[in-house]
Amino acid sequence: MTFELGVYSFGNTPRLADGSRGPTAHAIRDVLEAIKLADEVGLDYFGVGEHHMRAMPLSSPTSVVNAAAASTNRIKLSTAVSVLSTDDPIRVFQQLATAAAIAPGRIETVAGRGSSAITFPLFDHSEHDYDMLYASKLELLMAVNAGENVSFDGPHRKRPLQDATVFPRPEQPLKIWLGTGGSPNSVYRAVELGLPMFLGILGGTPEHWAQYGRAYRAAWAEAGHPAEQADIAVAVHGFVADTGEQARATYLEYEHRMMAEGMAELGRPAPPRADRAAAFGPDGMVFVGSPDEIADRILRLHGLLGHSRQILQMDVGGMPQRDFLRGIELLGTKVLPRIRAELQGS
């Protein structure tokens, strides 16, 4: 299985000269520019996350995926994640199937529960139904993906579906990943459903996350699934610049700002700046450094976890677009060739 490298974004509303935020519309245009560059420099994947904040305004990832499908040639595109608990799985499928008609074989989705409860009041759902909504909607998304005629009577629906048809159809089923922040229950849910697992990681150590890989594969084998279909991907915070010193100074500034402001919107405290700086080291899970440093750390994690894909969130906290684009360029032209050469030679 070829290792894949990519980027993901929740949008990054730019800062104006006086320190205030610019228009959220600018963030949408910036991410489309970034996706086009990622395609041009040879990256394998771009994931469009879902947030509903002024600083990170990509609230409709399937819309961005459709726009990107029409302006790229080879890169895989995906929601990363769709907050399925408060979205409609049939509409998510239809929108992604539309993108798949534009970009055949390049469209995927990561279905997650969401990292906060912000979407529940927004879309008139009860947070008490968190797990029921996610489990039922994920089951329906999988059913719709499996065939055009669907009968379904899950608990999130007021009325059952009886031999309903859902169009358009992709020419091949969409790859659906189960997105998780590391909940053991989610690991076993992925195995039970026979789904690949996308780990969203904000902290910890490579050794800690390797345990999740071992648990997933052991449960996968016990369930009798084909071993070659056990697939793990990893989403992390990270940034690459021409030098490690430049990368660390830049990302610490903007990531801390993102966390402080984002957590304030959710009514939570941000982690201390020094704690995040510690996570930038080789024993942490924030991948910040020069191209060689990033390649070395990804290879080390791959040796422990055996994942097939890693993606980095680089555009945070109002980081200037030029820095983000340079990071994408370095990932595609410096980091990815080094990783491929090392893995092919091992």
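A pocket here is an open set of grid points with protein on both sides within 12 Å along at least five of seven lines. All the views below come from a predicted model.

**View 1. The second largest pocket and the helices around it.** This pocket has a volume of about 400 Å³. Its lining takes in 22 residues, and T86, D87, D88, P89 and K137 sit closest to the centre. Helices α2 (61–69), α3 (89–102) and α5 (130–146) chip in with at least two lining residues each. By character, the lining splits into 6 nonpolar, 9 polar and 7 charged residues.

**View 2. The largest cavity, with its lining.** The structure holds 1 cavity of 30 Å³ or more. The space inside the largest cavity comes to about 80 Å³. Around it you'll find G11, N12, T13, R15, R21, A55, M56, M258, E261, G317 and G318. Sorted by type, that lining gives 3 nonpolar, 5 polar and 3 charged residues.

**View 3. The largest nonpolar core, centred on I107.** In soluble globular proteins, nonpolar side chains tend to be buried together. Here the largest nonpolar core runs to 104 residues, and F46, I107 and I328 have the most contacts inside it. Helix α11 (residues 321–345) gives the largest share of this core, with 8 residues. Who are the partners of I107, leaving aside its neighbours within four places in sequence? They are V65, A69, L77, L96, A99, A100, L174 and K175.

**View 4. A salt bridge between D131 and R113.** The closest N and O atoms of this pair are 3.0 Å apart. The bridge ties together distant parts of the chain: D131 belongs to helix α5, while R113 is in the loop between β4 (107–112) and α4 (119–122), and 18 residues separate the two. Are these two residues buried, partly exposed or exposed? D131 is partly exposed, because its relative accessible area is 35%, and R113 is partly exposed too, at 29%. In the whole model, the count of salt bridges is 19.

**View 5. Two salt bridges along helix α11.** One of them joins the side chains of R326 and E329, at 3.2 Å from N to O. Both residues lie in α11, 3 residues apart, or about one turn of the helix. R326 has a relative accessible area of 31%, so it counts as partly exposed; E329, at 32%, is partly exposed as well. The other bridge pairs R338 with E342, again at 3.2 Å from N to O. This pair also lies in α11, 4 residues apart, which is about one turn of the helix. Why do such spacings suit a pair on one helix? An α-helix has 3.6 residues a turn, so residues three or four places apart point the same way. R338 is partly exposed, with a relative accessible area of 22%; that value isn't under 20%, so R338 doesn't count as buried. E342 reaches 39% relative accessibility and is partly exposed.

**View 6. A salt-bridge network of E4, K76, E108 and R309.** Salt bridges that share partners join these four residues into one network.

**View 7. Helix α6 and what covers it.** Which residues of helix α6 (residues 184–193) are buried? They are S186, V187, R189, A190 and V191. Among the elements covering these buried residues are α5, β7 (175–180), β8 (197–201) and α7 (206–222). Right after α6 comes G194, with a positive phi near 70 degrees.

**View 8. M132 on helix α5.** M132 lies in α5 and is partly exposed, because its relative accessible area is 29%. Set aside the neighbours within four places in sequence, and M132 is in contact with P155 and H156. For a sense of scale, take V92: M132 is 40 residues from V92 in sequence and 18 Å from V92 in space, C-alpha to C-alpha.

Notes:
Residues are numbered from 1 along each chain as its sequence is written. Side-chain values use heavy atoms; hydrogens and water are left out. On a 1 Å grid over the protein atoms alone, a cavity is a set of points where a 1.4 Å probe fits but cannot get out, and a pocket is an open set with protein on both sides within 12 Å along at least five of seven lines; lining residues have an atom within 4 Å of a point. Grid points are joined across faces, edges and corners, and a volume is the space filled by probe spheres set on the points. Ala, Val, Leu, Ile, Met, Phe, Trp, Tyr, Cys and Pro count as nonpolar, Asp, Glu, Lys and Arg as charged, and the others, Gly among them, as polar. A nonpolar core is a set of buried Ala, Val, Leu, Ile, Met, Phe, Trp, Tyr and Cys residues joined through side-chain atoms within 4.5 Å. Buried means under 20% relative accessible area, exposed over 50%, partly exposed in between (1.4 Å probe, protein chains only). Contact means heavy atoms within 4.5 Å.
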